Every structure is written in structure tokens, then in C-alpha cells.
Amino acid sequence: MAVINGCQMSAPPDRTEAMWEDFITCLKDQNLISSAACEAQSCYLLTKTAVSGPLFLILDDNFYYQSMRYEVYQLARKYSLGFCQVFLDCSLETCLQRNGQRPQALPAETIHLMERKIEKPNPEKNAWEHNSLTIQSPACSPEASLKLTDLLLTALENPVKCVEDNVEQKETDRITCSTNILHQADQTLRRIVSQTMKEAKGTLGTYRPGSRPDSAASPVSWTLGWVLSFQS
């Protein structure tokens, strides 16, 4: 918001102190912010470096569910910012090996669990993931660096348009409405058929063996005919 509106940057109320301090330190080291003289604590001003050129915000996290990444995409769309994602595809064996070299290694069960849970980018299924790049790790080649640069520039030059939100919301509402109508119709038809079958048992039971009920007067005939015509 500070970059978009050119206002001062203040600490969010629900921040984690340690994480916020690391974030501020990172920005200061890159000469992107400076302390501001204001009544509120933790108030900062953006420097010329931050507003004069392209600014990339890198979110380094597992984001193992697509829904987690989609929340970030929604923010980019809300403020008409560029969005892209890089997936480092690493084998389970390599992950376990690297984890064992950590000063404070995670339990091996955690690595196995993450490997089962992680949802890789799927641009063919999710249109919002079309700006995605998968890099094989640890075999990272110079070609991958060029692809990464192209990905970042493409995202920077093609911000997500906020107008897409309306189109997507309309499509979501349409599907929801259609689903609700079909569901309600299905429940209604089930109740009618069930009630009609109960009534038909008593009606059909009055016929003598060998006799044939009048189909025009049979409630089962028109009810099932309605169901078939509706489904077709």
C-alpha cells in the first residue's frame, strides 16, 4: 500500500515482532526505507530507490497448497500488480539429505508429509498460474536463470488486471446459482417420486390379479415421465 499510494509505511497491528523486525532490516539493507519522524511507532518512509524503479517482492515459502498461492494472486489482482511463481522441483531424497545438513534439522516425517501434501503449479488447470516456472533442483542451469529473468520481466510488464475479478466473480456466482437450482430441483423431485410411490402402492394394491391400471390415471406414469424429461 505504501508503494502504491505513496504513503508512510507503518507496522500492521497483527504483526509478529521478530518477523516484522527482520522485514524492516531487509528493507533498510537495500536502502528502500528510512525512519520517519511521526507520533506512531515503527513508521517509515519509502526512499527514492523504492519508488523510482521496479520493485520485486519475493515471498519465500513452501505454499504447498494452491489455495495459499491463490491468496497472493488475489492481492496482486486487487492492486493491479504483477504476479508469478517459481517452483523448485526437488526429489524427496535430496530434500532429506539437505535437511540432515541443517544445524537444526526437521523430523524426517515432516519432509515426507510435505512431499505428499505439496500441490505443484498447474497452469493447464488454473489460468491464474500461467506465469509459473518449474526449476529442477539441484541441477540448476544457466538456462534456468534466463528463464527466471524472462518470467520476472513478463510479470512486471503484465500486471494482473483488477477487472478480471468481476468476470471471475460472475462466473463463480453463475456456477453457484446453477448448482443450487439443480440441487433444489433434485431434492424436490426426489420427494415427489417418494411420495407418489407410497401413494401408488395403495392404489395398485386395489387391482385384481391380471387387471391393468389405467396409465393415464396412474400417478407413477406422469411423475416418472417428468423426471425423465427433466434429466434429458
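1. Let me start at a turn: Asn31, which has a positive phi near 60°, follows H2. Asn31 sits in the loop between H2 and S2 (helices are DSSP runs of H or I with at least four residues, strands are E runs of at least two, both numbered from the N terminus). At 45% relative accessibility, Asn31 counts as partly exposed; the scale here is buried under 20% relative accessible area, exposed over 50%, and partly exposed in between, with a 1.4 Å probe and protein chains only. Setting aside neighbours within four places in sequence, Asn31 touches Thr47 and Thr49 (contact is heavy atoms within 4.5 Å). Asn31 and Leu46 are 15 residues apart along the chain, and their C-alpha atoms are separated by 8.8 Å.

2. Before going on, a word on provenance. This is a predicted model, with local features needing pLDDT of at least 70 and side-chain atom pairs counting only at pLDDT 80 or more, while totals for chains, interfaces and linings use all residues. Residues are numbered from 1 along each chain as its sequence is written, and side-chain values use heavy atoms, with hydrogens and water left out.

3. Now the overall layout. The chain has nine helices and five strands, and from the N terminus the order of elements is α-β-α-β-β-α-α-β-α-α-β-α-α-α. Of the 232 residues in the chain, 21% are buried. Take the contacts between residues at least 6 apart in sequence: 58% of them join residues at least 24 apart.

4. Back to H2, residues 17–29. Its 13 residues should span 18 Å at 1.5 Å a residue, and the end C-alpha atoms are indeed 18 Å apart (the expected span is 1.5 Å times one less than the number of residues). Which residues of H2 are buried? They are Trp20, Ile24 and Leu27. These cover an arc of only 60° around the axis, so they fall on the same side of H2; the arc is taken from the directions from the helix axis to the C-beta atoms. The buried residues of H2 pack against strands S1 (9–10), S2 (33–35) and S3 (43–46). On the other side of H2, the exposed residues are Ala18, Met19, Asp22 and Asp29.

5. H4 (residues 66–78) can be read in the same way. For its 13 residues, 1.5 Å a residue predicts 18 Å, in agreement with the 18 Å between its end C-alpha atoms. Gln66, Arg69, Tyr70, Tyr73, Ala76 and Arg77 are the buried residues of H4. Their arc around the axis is only 110°, which puts them on the same side of H4. Glu71, Leu75 and Lys78 are exposed on the other side. Just after H4, Ser80 has a positive phi of about 55°.

6. How do H5 and H6 pack, and at what angle? H5 (residues 92–100) and H6 (residues 108–117) pack at about 150°, with axes 10 Å apart; axes are lines fitted to C-alpha atoms, for helices over the stretch in contact, and angles run from 0 to 180 degrees between N-to-C directions. That makes H5 roughly antiparallel to H6 (over 145 degrees counts as roughly antiparallel). The contact is made by Leu92, Cys95, Leu96 and Asn99 of H5 with Ala108, Ile111, His112 and Glu115 of H6.

7. One last residue: Lys117, found in H6. Lys117 is partly exposed, at 32% relative accessible area. Leaving out neighbours within four places in sequence, Lys117 is in contact with Tyr64 and Tyr65. Lys117 and Tyr65 are 52 residues apart in sequence, and 7.4 Å apart in space, C-alpha to C-alpha.

Definitions and conventions
Angles under 35 degrees count as roughly parallel, over 145 as roughly antiparallel, 65 to 115 as roughly perpendicular and the rest as oblique.
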